[in-house]
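The following exercises concern the geometry of a helix and its place beside a sheet. Please study the sequence and the structure before reading each solution.

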Amino acid sequence: MTVALHVCCGPCASACVPRLTDAGHAVTLLFANSNIDTEAEFARRRAAAETLARAEGVAFVALPYDHAAWLRDVAAGYEDAPEKGARCARCFRYSLAQVAAFAAAQGLEAFTTSLTVSPHKVSAVVFAAGEAAAAACPGARFLALDFKKKEGFKLSVRRAAALGLYRQAYCGCEFSKRKDSR
């Protein structure tokens with residue numbers, strides 16, 4: 001099966017790609033992250049994801065960065081929502097809708113996301129966003145894979161270090177930098 005893997009960052013995806021390829025899937029990394037607060041941070045995370053793609057020998061695609069659209073369509077009115085709250089659920093839906101559309105347009109058989117490797121993300125909320133994105137996009141199929149399982153986060157830390165990948169200290173949006181957000 002050909003799978004589009006939404007890449008939130010290179011370190012998280014570093015645990016996901018081998019699990020997908022070991023299961024026999026062809027993988028395309030899709031970097032769709034307009035939630036990231038600055039173009040410089042977006043570029044650092046994109047570079048880490050590209051490094052991972054080269055190391056794994058998989059395809060890499062990055063969607064254009066448009067933080068202004070993300071602020072308007074996702075964060076407006078939710079700026080004070082806590083981390084893991086309504087703003088995050090909206091963000092997952094926004095990004096995964098883009099991934100679903102990409103997968104369907106490219107004729108890929110399914111899509112999934114590296115978001116579930118993080119202990120800071122609630123997999124059920126990510127899965128609901130993925131299922132909603134698939135339901136709204138004819139031809140898209142979401143694979144609900146919890147990459148936290150089998151020590152996925154620990155694997156991501158080890159692999160990111162081994163590959164020299166940039167590891168960020170916050171989710172990506174300016175709101176996740178607040179001390180009270182975690």
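The expected span of a helix is 1.5 Å times one less than its number of residues. The model used here is predicted.

**Exercise 1.** Determine whether the span of helix α2 agrees or disagrees with the expected value.

*Solution.* Helix α2 covers residues 39-56. At 1.5 Å a residue, its 18 residues should span 26 Å. The C-alpha atoms at its ends lie 25 Å apart, which agrees with the expectation. Just after the helix, G57 adopts a positive phi of about 70°.

**Exercise 2.** Identify the buried residues of α2 and explain why they line one face.

*Solution.* Step 1: the buried residues are E41, F42, R45, A48, A49, L52 and A53. Step 2: an α-helix has 3.6 residues a turn, so residues three or four places apart point the same way. Step 3: viewed down the axis of α2, the buried residues fall within an arc of 145°, so they line one face of the helix. Step 4: the face turned away from this buried side carries the exposed residues E39, A40 and R54.

**Exercise 3.** State what covers the buried residues of α2, and describe the sheet on which α2 packs.

*Solution.* Step 1: the cover includes α1, β2, β3 and α6 (152-163). Step 2: four strands form an open sheet with parallel pairing, in the order β3-β2-β1-β4. Its edge strands, β3 (59-62) and β4 (110-113), each pair on one side only. Step 3: α2 packs on this sheet and touches β2 and β3, and its direction makes about 170° with that of β2.

Methods:
Residues numbered from 1 in each chain as written. Predicted model: local features only at pLDDT ≥ 70, side-chain atom pairs only at ≥ 80, totals over all residues. Heavy atoms only, no water. Pairing = 2+ DSSP bridges. Helix = DSSP H or I, 4+ residues; strand = E, 2+ residues; numbered from the N terminus. Contact = heavy atoms within 4.5 Å. Axes fitted to C-alpha atoms, helices over the stretch in contact; angles between N-to-C directions. Buried < 20%, exposed > 50% of the residue type's maximum accessible area, 1.4 Å probe, protein only. Arc of directions from axis to C-beta.
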